[in-house]
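Reader: Before I use this model I would like to see how its descriptive terms are earned. Could you take me through the reasoning behind each of them?

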Protein chains: 2
Amino acid sequence: MEFKFAYRMSYLKASEIREILKVTERPDFISFAGGLPAPELFPVDEIIEVSRRVLAEDGASALQYTTTEGYAPLREWIANRMNFTRGTDFDADNILITHGSQQALDLSGKVFLDEGDTVLCESPTYLAAISAFKAYGCRFKEVPTDDYGMVPEELEHILNTTERIKIIYVISDFQNPTGRSWSLERRKQLANLAAKHQVVVIEDNPYGELRFEGEALPSVKAFDKTGCVFCLGTFSKIFCPGYRIGWVAGDKRAIDNYILVKQGADLQCNTIAQREISKYLELYDIDKHIEKIREIYKRRRDIAVKTMEAEFPKGVTFTRPQGGLFAWVELPSDINARDVLDKCLEKNVAFVPGGSFFPNGRKENTFRINFSYMPVDKIVEGLQCIAGILKEFMKNNTRERNRQ
Amino acid sequence: MEFKFAYRMSYLKASEIREILKVTERPDFISFAGGLPAPELFPVDEIIEVSRRVLAEDGASALQYTTTEGYAPLREWIANRMNFTRGTDFDADNILITHGSQQALDLSGKVFLDEGDTVLCESPTYLAAISAFKAYGCRFKEVPTDDYGMVPEELEHILNTTERIKIIYVISDFQNPTGRSWSLERRKQLANLAAKHQVVVIEDNPYGELRFEGEALPSVKAFDKTGCVFCLGTFSKIFCPGYRIGWVAGDKRAIDNYILVKQGADLQCNTIAQREISKYLELYDIDKHIEKIREIYKRRRDIAVKTMEAEFPKGVTFTRPQGGLFAWVELPSDINARDVLDKCLEKNVAFVPGGSFFPNGRKENTFRINFSYMPVDKIVEGLQCIAGILKEFMKNNTRERNRQ
């Protein structure tokens, strides 16, 4: 059998992260590669209790089909939470429960993108968003991005000069992969520019609640007067990713179309998962739980930044994120992070080379460090190992240059 | 904001079933509309135990991300099960766990279909498969279908004369909506024709294990010598639909592409759900559980068929399925089942009009009856109500005809 696959299969490729994760599953590996939350923080005992109660009180409904929109009390909680933490003005009808925020990305592509449309994104951007959107045949244009978000003049210029822009995709808080956050001013500017040009903004925010310091900023949606901004969220980073429960929130007219494509895609999310999370939120204090996560991740961020400052050779720069899970490292332009990774893998240390986070031009002298997953002693050990290898690379490269 | 939705949104529409289900959620409704399993058969106590053990023994992994392919022991169980019950020859590597078999339909479309490709289907066919495939811009060609499956001469003629056929979609056992099953001979013929014409077969089989009588037949895959047949399955009908755990099984070269598109679509299925089902299969006897489901559904099928035989007016025909969840009713051609439904809804009785199960020409004088969900007294009461309304329609139509 010669399979005739859809044309899209010719330009989709396996996520580099998921491929690296397979290699690094061994327990002796020090992995900065995944975006994995620290499993020792999962509230296992509470979830045992929650699961028992959901099943004992209403097992027949919890195990049955439910509506595509999702479990009503959970949608209401999400609306209230976002209004409180992010300055939005949603009610339950604005929320569709999705199979993780990854599905919200996929559905966004399905609702808005035709073959040949353009998606604007930060540079670099989240690599699994690239693959979600790409499946609908779009092109990407990377908007020059600095420490405060997309540069507004550049964004405006691109909006003025590019055809068929359908989506501006951003991660406003503690971006994946850089850990950078958008300033307040930039959020307002983005909302205004998107409204003026009638382009949809997909504001992805998996990490916003994981702020270690500084002031929490409102969602871009808080400045949206026309309904063009859609907010994605997830329980993966503040609760447990295994549940695969996320959401998309936005203008009801478009959410109805999201519901329609979700019907065809998988009917609905896992009923029990929705009920269990909802019951957890009813019985326990998720703020206390998030506070615990923040403390641990902050300590890990601190130690990671401190170690990089002490050990990484001169000429290597990195971000110092105020929250989230990731930091971003930039090497001298003549060093390819994939080569560094190969050497690190030999010593059982892993990270994700940065090239895949650029949908067009690849900047191969970059990589992403996850600091949420490993305990502090492993973080120190792993970063020291990377530092050692980086020093060798820089020494060799200097030698090369001197020889030329 | 004037939303510019993707072109596909202009031809997708809400599932009629899901819309009717919303109306019939009230407990006083007698609903033959959904494809709902009987919730009183869900093994709630066993699931409480299973959930406790999964979380207590390995909570950190059960709540964490996992691989896109799915939980290895579950994939292995599925491969063995299919080999035993359906005469296939799979191993775990042939299996991708999906978010219900509905997602396996969606991923099949994404992997194989380009805009303008053709999907061949039975006539009528499962309406949510129509919406899943349609999202990828395909056309449908309905293959004339009788009580034994697609008519091979008609199928061959269409294969010879139609361009860009990518998929033949069939439900071989107790089809949704008709309850009919393919004969052994037709299965072989389908496998041979598909191989000869190098077309992929998507064999959907959510109900195969729910056989009340007669001999179980092998999967079309059992006669596939070239790798063109892909089998979809699900735990929804033999266990609980709320888990949203299904699968696609087939040639590894194509399954790799399914995995790739699933990565972009939602990363992976719910980890806990996969672990819990796997633990249930380890601790309990699912065959015993399925036997219980079969007994109850058989009794309901018996009473439904008996009531229709006794009460439905002459000129109304219906199928007598040997298993599954559905029977199919055909009215005289001048009666529109939607009009009948309107009258039934007034009396709190619901079913799904058959028109939506035909992707092209609609046969509006048909409807689908689910017999798995309601207890027997409600089945009798509801079918008697439908029979009464049908009699009035036929009387009125006869009067109309006499007047003309």
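Author: Copies are superposed by least squares on the C-alpha atoms of residues with pLDDT of at least 70 in both, and that choice of atoms matters here, because this is a predicted model. On that footing, chain A can be laid on chain B by a turn of 180 degrees and a shift of 0.0 Å along the axis, with an RMSD of 0.0 Å. That is the relation of a two-fold axis.

Reader: How do you know that the copies meet through the same surface?

Author: Two residues are in contact if their C-beta atoms, placed from the backbone, lie within 7 Å, and by that test 70 residues of chain A are in contact with 70 residues of chain B. Of the interface residues of chain A, 100% are also interface residues in chain B, so the copies meet through the same surface.

Reader: Which elements build the side of chain A that touches chain B, and what classes of residue does that side hold?

Author: The elements that give two or more residues to it are helix 2 (44-62), helix 4 (100-112), helix 5 (127-134), helix 8 (252-266) and helix 9 (271-283) of chain A. The largest share, 10 residues, comes from helix 2 of chain A, and the division by class is 38 nonpolar, 19 polar and 13 charged residues.

Reader: Into which domains is chain A divided, and how do they touch?

Author: The assignment gives domain 1 (8-37 + 288-403) and domain 2 (44-283) of chain A, whose centres, taken over C-alpha atoms, are separated by 26 Å. Their contact takes 29 residues from domain 1 of chain A and 31 residues from domain 2 of chain A. On the side of domain 1 of chain A that touches domain 2 of chain A, helix 10 (286-311) and strand 12 (326-330) of chain A each give two or more residues, and helix 10 of chain A gives the most, with 6 residues. That side divides into 15 nonpolar, 9 polar and 5 charged residues.

Reader: What makes helix 11 of chain B oblique to helix 12 of chain B?

Author: The axes of helix 11 (residues 337-346) and helix 12 (residues 376-403) of chain B come within 10 Å and cross at roughly 130 degrees. Angles over 145 count as roughly antiparallel and those from 65 to 115 as roughly perpendicular, and 130 degrees falls in neither range, which makes helix 11 of chain B oblique to helix 12 of chain B. The crossing is right-handed, and the contact is made by B:V340, B:K343 and B:C344 of helix 11 of chain B with B:C385, B:I386, B:I389, B:L390 and B:F393 of helix 12 of chain B. These residues divide into 7 nonpolar, no polar and 1 charged.

Reader: Why is helix 3 of chain B also called oblique to helix 9 of chain B?

Author: Helix 3 (residues 72-86) and helix 9 (residues 271-283) of chain B pack at an angle of about 55 degrees, with their axes 9 Å apart. Since only angles under 35 degrees count as roughly parallel and the roughly perpendicular range is 65 to 115, helix 3 of chain B is oblique to helix 9 of chain B. Helix 3 of chain B passes helix 9 of chain B in a left-handed crossing.

Reader: Where in chain B does the cis peptide bond from B:S123 to B:P124 lie, and what is its omega?

Author: Omega is near 5 degrees for that bond, and B:P124 is in the loop between strand 3 (118-122) and helix 5 (127-134) of chain B.

Conventions. Residues numbered from 1 in each chain as written. Chains lettered and ligands numbered in written order. Predicted model: local features only at pLDDT ≥ 70, side-chain atom pairs only at ≥ 80, totals over all residues. Axes fitted to C-alpha atoms, helices over the stretch in contact; angles between N-to-C directions. Helix = DSSP H or I, 4+ residues; strand = E, 2+ residues; numbered from the N terminus. Left-handed = near helix turned anticlockwise from the far one by under 90°. Nonpolar A, V, L, I, M, F, W, Y, C, P; charged D, E, K, R; others polar. Domains from an automatic or database assignment.
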